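I opened the model and kept a running notebook. These are my entries, in the order I looked things up.

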Amino acid sequence: MDFGRSAAQQERYARMSADARKLASASSAAGSGRDAWKDLARLGLLGAAVPQEYGGTGFGALDTALLYEAASEGGADTGVLFAAAAHLFACVRPVIEFGLPETREALLPALCGGELIAGNAMTEPESGSDVSRLTTRATRVDGGYLLDGTKSFVSNGPVADLYVTYATTDPDGGYFSSTAFAVDRNSPGLVAGAPMEKSGLAACQAGEVRFTRCFVPDDRVLGSPGQGQLVFQTSMQWERSCLFAIYLGQQERLIRRCVHHVGERRQFGKRLAELQPVADRLADMKLRLESGRLLLYRACTEIDAGQDPSLWVAMAKLAVSEAAVATALDAGRIFGGRAFQTEYGIEEEVRDALPATTFSGTSDIQRQLIARELGL
Ligand SMILES: Cc1cc2nc3c(=O)[nH]c(=O)nc-3n(C[C@H](O)[C@H](O)[C@H](O)COP(=O)(O)OP(=O)(O)OC[C@H]3O[C@@H](n4cnc5c(N)ncnc54)[C@H](O)[C@@H]3O)c2cc1C
């Protein structure tokens, strides 16, 4: 059992952490538009978990997670990293694992290079946690399918060129009722809605995607017809582990800022660091970070070993997302009134952390998955 990073991992981590500052300034200068995607590609964040033959780096889950953690720890914007992670784990990974060879060749190099942006379109207005009852239908026609329905919370939706989406093909098929598709934005019958207003992860635009008799050719089916749940759950194993490494980096950064702050600020004639309740709060923040980190690295290691990672992935997602929210709120308490002044950036960290317990399956759903693994 080895809990340390290898020399190569440590070197990549340090380089990414340093480069992240450039990404932060480049992204804000570019308004998180197409230029930001080129920056993400240049730093290797879009191609990390993509085989080298398609232009990627060929990393496994653990090395990919470390890159995202380092970028976040180094100060890259959480929304920008979330956009990249949603693209890579929920869209690019399904194309790698379930796309036909010609589909992989056609899409993956551009997805790695940031020329194509992807969005994952699963959620519907009436189908959030319960992804087994999709009202979006795919009707078989000559040479492909016609999609009809509305997807409601598509991260990258307003800017994406490609959507990985899921539709019911056999309403009575139970686990095999849905099918996964990779759909071009310019397909007739596809309309991407305007960016919705939301309170966090501002750099990642999100919106609706509507399909009206939208034709998708057979070569854009991911996996076999009826394998939609398998494709989605496989992509979620990557997302629920690697994406949440962003929140390890965020916690690391917040703890560092809090340690600095309590070392400087004086009240009652003492540094805040000398007040036991303040030090206890920081100890709890560190404990949460390191507990979640161990679970997340373990989940990634299970994926890389080709084991069933379900238990570890659900525990990692639950622990890291809840820790992110608790630690952002604790940072708010430690900064006192300054936490509400936007110039300190703490309230933005809270807003960016809050949705982590909701997307990629809520905390309640992760507890259900853990209970299922216990045989309950
Ligand atoms: C920032 C952000 C980005 C997102 N990006 C995407 C994206 O790119 N693509 C996409 O498809 N979706 C995306 N989503 C949507 C997200 O996946 C859903 O919000 C999530 O799955 C929950 O669904 P819901 O919002 O409909 O809540 P609901 O399913 O209505 O749940 C509401 C509450 O009820 C609880 N609940 C529901 N069912 C159960 C149950 N069986 N047992 C116990 N409790 C339960 C939930 O835990 C939650 O607390 C995103 C959401 C957010 C906030």
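**Domains.** I started with the domain assignment of this predicted model. It splits the protein chain into domain 1 (7–113), domain 2 (118–229) and domain 3 (244–373). I then took the centres of domain 2 and domain 3 over C-alpha atoms and found 32 Å between them. The contact between these two domains draws four residues from domain 2 and six residues from domain 3. I sorted the domain 2 side by class: one residue is nonpolar, three are polar and none is charged.

**Overall dimensions.** I counted eleven helices and ten strands in the protein chain. The C-alpha atoms fill a box of roughly 80 × 50 × 40 Å along the principal axes. Next I checked the radius of gyration. A compact globule of 376 residues would come near 21 Å, and the protein chain has 21 Å, so the two agree. Buried residues account for 49% of the 376 residues. I also looked at contact range. Of the contacts with a separation of 6 or more, 74% join residues 24 or more positions apart.

**Ligand shell.** Where does the ligand lie relative to domain 2 and domain 3? I checked which domains give residues to the shell. Both domain 2 and domain 3 do, so the ligand shell lies between them. The shell holds 19 residues, and Gly-128, Ser-129, Ser-155, Thr-362 and Asp-364 come nearest to the ligand. By class I noted ten nonpolar, eight polar and one charged. I then traced the shell back to secondary structure. Strand 1 (118–121), strand 3 (144–155) and helix 11 (363–373) each supply at least two residues. Strand 3 gives the most, with three residues.

**Two positive phi angles.** I looked up residues with a positive phi that are not glycines. Asn-156 is one of them, with phi of about 75 degrees. I placed Asn-156 in the loop between strand 3 and strand 4 (162–168). Is Asn-156 buried or exposed? I counted 27 other C-beta atoms within 10 Å, so Asn-156 is buried. Ser-360 also has a positive phi, of about 65 degrees, and is not a glycine. Ser-360 sits in the loop between helix 10 (346–353) and helix 11. It has 24 C-beta neighbours inside 10 Å and therefore counts as buried.

**Nonpolar core.** I turned to the largest nonpolar core, which has 117 residues. Tyr-68, Ala-71, Ala-85, Cys-242, Leu-296 and Ala-316 touch the most other members. Which helix gives the most to this core? Helix 4 (residues 78–98) does, with 15 residues. As background, I noted that nonpolar side chains tend to be buried together in soluble globular proteins. I then picked Cys-242 and listed its contacts, leaving out neighbours within four places in sequence. They are Ala-61, Thr-64, Ala-65, Tyr-68, Ala-85, Phe-89 and Cys-300.

**Val-159.** I went back to the loop between strand 3 and strand 4, where Val-159 is found. Val-159 has 19 other C-beta atoms within 10 Å, so it is partly exposed; the buried class needs 20 or more. Beyond four places in sequence, Val-159 touches Ile-117 and Gln-205. I also took a long distance from here. The C-alpha atoms of Val-159 and Glu-264 are separated by 43 Å, with their positions 105 residues apart along the chain.

**Leu-230.** I found Leu-230 in helix 6 (residues 228–243). Its count is 19 other C-beta atoms within 10 Å, so Leu-230 is partly exposed. I checked its distance to Ala-180. The pair is 50 residues apart in sequence and 9.1 Å apart in space, C-alpha to C-alpha.

**Leu-282.** My last residue was Leu-282, in helix 8 (residues 276–304). Leu-282 is partly exposed, because 19 other C-beta atoms lie within 10 Å. Its contacts outside four places in sequence are Ile-255, Cys-258, Val-259 and Val-262. I also looked at Pro-94. Leu-282 and Pro-94 are 188 residues apart in sequence, and 39 Å separate them in space, C-alpha to C-alpha.

Technical notes. Residues are numbered from 1 along each chain as its sequence is written. This is a predicted model: local features need pLDDT of at least 70, side-chain atom pairs count only at pLDDT 80 or more; totals for chains, interfaces and linings use all residues. A nonpolar core is a set of buried Ala, Val, Leu, Ile, Met, Phe, Trp, Tyr and Cys residues joined through C-beta atoms within 7 Å. A residue is buried if 20 or more other C-beta atoms lie within 10 Å of its own, exposed if 12 or fewer, and partly exposed in between; C-beta atoms are placed from the backbone. Helices (H or I, at least four residues) and strands (E, at least two) are DSSP runs, numbered from the N terminus. Two residues are in contact if their C-beta atoms, placed from the backbone, lie within 7 Å. A residue is near a molecule or strand if its C-beta atom, placed from the backbone, lies within 6 Å of it. Ala, Val, Leu, Ile, Met, Phe, Trp, Tyr, Cys and Pro count as nonpolar, Asp, Glu, Lys and Arg as charged, and the others, Gly among them, as polar. Domain bounds come from an automatic or database domain assignment. The radius of gyration is taken over C-alpha atoms; the globule rule is 2.2 Å times the number of residues to the power 0.38.
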